[in-house]
Amino acid sequence: MQNRDPVVERVKQMRESSKILKECDRRRESLEVRKLLRHWRYLFFDAEGVLIRKTGHGSQLILPSELKPLIYRELHENMGHL
C-alpha cells in the first residue's frame, strides 16, 4: 500500500537513491512529503522493503494516508485510547 500512496512512494524513491534534496528542491515538494523529509535520518527500509521510522525504542510503520482513518478508528474508538 505504501507504493500506491503518492507521498510515501515519493519519499521511498528518494530514500532508495539516498538523494538528499537541496532546500530549493524541497520547496517544490508537497507539504506532506516535506513533513516526512523532516525525519530523513530516521527513515529506513525493513527486510521486506517497507518504509519505517526508527525511534529510540523501536520502529514505526509509515502509514499510507488511506489507512490512517482505519488505524485511528481501531486504536482510539474500538480499543480505547491505550
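**Helix 4, strand 3 and the charged contacts of the chain**

Leu70 is placed in helix 4, which covers residues 68-78. The model examined here is a predicted one. With a relative accessible area of 36%, Leu70 is partly exposed, because this value falls between the limits of 20% for buried and 50% for exposed residues. Leu70 also belongs to a nonpolar patch on the surface, together with Ile71, Leu75 and Met79. The accessible area of these four residues together is about 320 Å². The relative accessible area of 36% at Leu70 is compatible with membership of such a patch, since patches are made of residues with over 30% relative accessible area.

The chain as a whole contains four helices and three strands. Along the sequence, these elements follow the pattern α-α-α-β-β-β-α. The C-alpha trace spans about 45 × 25 × 20 Å along its principal axes. Of the 82 residues in the chain, 24% are counted as buried. The accessible surface amounts to about 6,200 Å², and carbon and sulfur atoms contribute 51% of this surface. Among contacts with a separation of 6 or more, 42% are made by residues 24 or more positions apart.

Strand 3 comprises residues 59-61 and includes Gln60. Gln60 is partly exposed, its relative accessible area being 36%; this assignment holds because 36% lies between the 20% and 50% limits. When residues up to four places away in sequence are not counted, Gln60 touches Leu51, Ile52, Arg53 and Thr55. The C-alpha atom of Gln60 is separated by 9.5 Å from that of Leu43, and these two residues are 17 residues apart along the chain. Leu61 is likewise found in strand 3. With neighbours within four places in sequence left aside, the contacts of Leu61 are with Gln2, Val50, Leu51 and Ile52. Leu51 and Ile52 are thus listed for Gln60 and again for Leu61. A C-alpha separation of 17 Å is computed for Leu61 and Arg34, which are 27 residues apart along the chain.

The segment before helix 1 contains Arg4. At 60% relative accessibility, Arg4 counts as exposed, because the value is over the 50% limit. The C-alpha atoms of Arg4 and Pro64 are separated by 8.0 Å, although these residues are 60 residues apart along the chain.

Side chains of opposite charge can pair when their charged atoms come close. Four salt bridges are counted in the chain. One of them joins Glu29 to Arg10, with the closest N and O atoms 2.7 Å apart. Glu29 is located in the loop between helix 2 (23-26) and helix 3 (31-37), whereas Arg10 is in helix 1 (residues 6-17), so the pair ties together parts that are 19 residues apart in sequence. The two partners fall into separate accessibility classes: Glu29 counts as buried at 16% relative accessibility, while Arg10 counts as partly exposed at 30%. The assignment of Glu29 as buried follows because 16% is under the 20% limit.

A further salt bridge is formed by the side chains of Asp25 and Arg28, with an N to O distance of 3.0 Å. Asp25 is partly exposed, with a relative accessible area of 25%, and Arg28 counts as exposed at 66% relative accessibility. The side chains of Arg27 and Glu23 also meet in a salt bridge, for which the N to O distance is 3.9 Å. This distance satisfies the criterion because the nitrogen and the carboxyl oxygen need to lie within 4 Å. Arg27 counts as exposed at 59% relative accessibility, and Glu23 counts as partly exposed at 46%.

Arg15 is associated with two aromatic rings. Arg15 lies over the face of Trp40, at 4.6 Å from the ring centre. The charged end of Arg15 also sits over the ring of Phe44, at a distance of 5.5 Å from the centre of that ring. Both distances, 4.6 Å for Trp40 and 5.5 Å for Phe44, meet the distance criterion because the limit is within 6 Å of the ring centre. As for pairs between the rings themselves, the count of aromatic pairs is zero.

Note on methods. Residues numbered from 1 in each chain as written. Predicted model: local features only at pLDDT ≥ 70, side-chain atom pairs only at ≥ 80, totals over all residues. Heavy atoms only, no water. Phe/Tyr/Trp six-rings, centres within 6.5 Å; stacked < 30°, edge-to-face > 60°. Lys NZ or Arg CZ within 6 Å of the ring centre and 35° of its normal. Patch = residues over 30% accessible without salt bridge, like charges linked within 9 Å, V, L, I, M, F, W, Y side chains within 5 Å. Areas by Shrake-Rupley, 256 points an atom, 1.4 Å probe, with all protein chains shown as cover. Helix = DSSP H or I, 4+ residues; strand = E, 2+ residues; numbered from the N terminus. Buried < 20%, exposed > 50% of the residue type's maximum accessible area, 1.4 Å probe, protein only. Contact = heavy atoms within 4.5 Å.
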